[in-house]
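Colleague: I would like a close look at a single part of this model, followed by whatever context is needed to place it. Please keep to what can be computed from the coordinates.

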Amino acid sequence: MAGTVLLVEDEPSVGELVQAYLVRDGYQVVWVRSGEAALEELGRRPVLIVLLDIGLPGMDGFEVCRAIRNGSRVPILMLTARDEEPDRVFGLEFGADDYLTKPFSPRELLARIRAILRRVDPGATEDLLELGDVRIDRSTHEVTCGGQPVELTAKEFDLLAYFLAHPGTVLSREVLLDRVWGVAYPGGTRTVDVHVGQLRRKLGRPELIRTLRGAGYKAIQT
């Protein structure tokens, strides 16, 4: 499933490398060069994680981290060229989830991102998901309802998996669009409604995904 990473990095060589590897791994990347721009982007869209350089022009990474934590619990991975204990301590005390020193390998960066996301959203890494008599296996891409196989399209599968990974959570159309389709998808939030309708019809469980007027959707056990 697509997820958006906010990359806050003013060095073009580092930003280009990180962006290329994240895109290759299936992430959507929003890359900004300053802390001020990062805070603006966070006000515009939901993101999966923030990769935050410390040595930024204007607001430095510590200030940005503190500002983010004043209103959000989005995971933050801080990046720095300075491997000094005070920097690591400051970053963690300001609310960062982890700390990575430059130069780093793209493989290590991806491993750190996945480890953070496992901690904050364990459901995102589970292969087997169940809610009521609906069961999904991410490893085999199979779905059953009442023990009977159900054929879904790729996006229907991803959307159902996200619902089952977050049972009881109110999910707005904007969040679902970002997590499942990616922010660049041109169809708008109407496509979420269409796919939810298809899931209800194919599963034969219209009550599984409840519509909350003005808020979005919530998966409930039937």
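In which helix is the place of Arg 107?

Modeller: This is a predicted model, and Arg 107 has its place in helix H5. Its relative accessible area is 72%, and because exposed means over 50%, Arg 107 counts as exposed. Along the chain, Arg 107 and Tyr 21 are 86 residues apart, yet their C-alpha atoms are separated by 8.6 Å.

Helix H5 spans 106–120, and the loop between S5 and H5 holds Pro 103. The peptide bond that joins Lys 102 and Pro 103 is cis, with omega at about -10°. Most peptide bonds are trans, and most residues other than glycine have a negative phi. A phi of the other sign is found at His 141, where the value is near 60° and thus positive in a residue other than glycine. His 141 sits in the loop between S7 and S8. With 43% relative accessibility, His 141 is classed as partly exposed.

Going back to the strand before the cis bond, S5 covers residues 98–101 and includes Asp 98. The side chain of Asp 98 makes a polar contact with the side chain of Arg 112, at 3.4 Å. Leaving aside residues up to four places away in sequence, Asp 98 touches Ile 76, Leu 77, Met 78, Leu 92, Arg 112 and Ile 116. One of these, Ile 76, also belongs to a core that is described below.

Another aspartate is found at the start of H3. Asp 60 caps the N-terminal end of this helix, with a side-chain oxygen 3.1 Å from the backbone nitrogen of Phe 62. H3 runs over residues 61–69, and its buried residues are Gly 61, Phe 62, Val 64, Cys 65, Ile 68 and Arg 69. Viewed down the axis of H3, these buried residues fall within an arc of 165°, so they line one face of the helix. The general background is that an α-helix has 3.6 residues a turn, so residues three or four places apart point the same way.

As for the cores, the largest nonpolar one has 29 residues, of which Leu 160 and Phe 163 touch the most other members. At least two residues of this core come from each of several elements, among them strand S6 (128–131), helix H7 (173–181) and strand S11 (216–219). H6 supplies the largest share, eight residues. A second core, separate from this one, has 20 residues, including Leu 6, Leu 52, Met 59 and Ile 76.

Phe 163 touches Leu 171, Leu 176, Val 196, Ile 209, Tyr 217 and Ala 219, again leaving out residues up to four places away in sequence. Val 196 is also part of the packing of H6 against H8: Lys 155, Glu 156, Leu 159, Leu 160 and Phe 163 in H6 meet His 195, Val 196, Gln 198, Leu 199, Lys 202 and Leu 203 in H8. The two helices pack at an angle of about 85°, with their axes 10 Å apart. H6 and H8 are therefore roughly perpendicular to each other.

For the chain as a whole, the secondary structure comes to eight helices and 11 strands. The protein chain has 222 residues, and 45% of them count as buried. Among contacts with a separation of 6 or more, 55% are between residues 24 or more positions apart.

Technical notes. Residues are numbered from 1 along each chain as its sequence is written. This is a predicted model: local features need pLDDT of at least 70, side-chain atom pairs count only at pLDDT 80 or more; totals for chains, interfaces and linings use all residues. Side-chain values use heavy atoms; hydrogens and water are left out. Helices (H or I, at least four residues) and strands (E, at least two) are DSSP runs, numbered from the N terminus. A polar contact is a pair of N or O atoms within 3.5 Å; within protein, one must be able to donate a hydrogen and the other to accept it, and residues adjacent in sequence count only if both atoms are side-chain atoms. Contact means heavy atoms within 4.5 Å. Buried means under 20% relative accessible area, exposed over 50%, partly exposed in between (1.4 Å probe, protein chains only). The arc is that of the directions from the helix axis to the C-beta atoms. A nonpolar core is a set of buried Ala, Val, Leu, Ile, Met, Phe, Trp, Tyr and Cys residues joined through side-chain atoms within 4.5 Å. Axes are lines fitted to C-alpha atoms, for helices over the stretch in contact, and angles run from 0 to 180 degrees between N-to-C directions. Angles under 35 degrees count as roughly parallel, over 145 as roughly antiparallel, 65 to 115 as roughly perpendicular and the rest as oblique.
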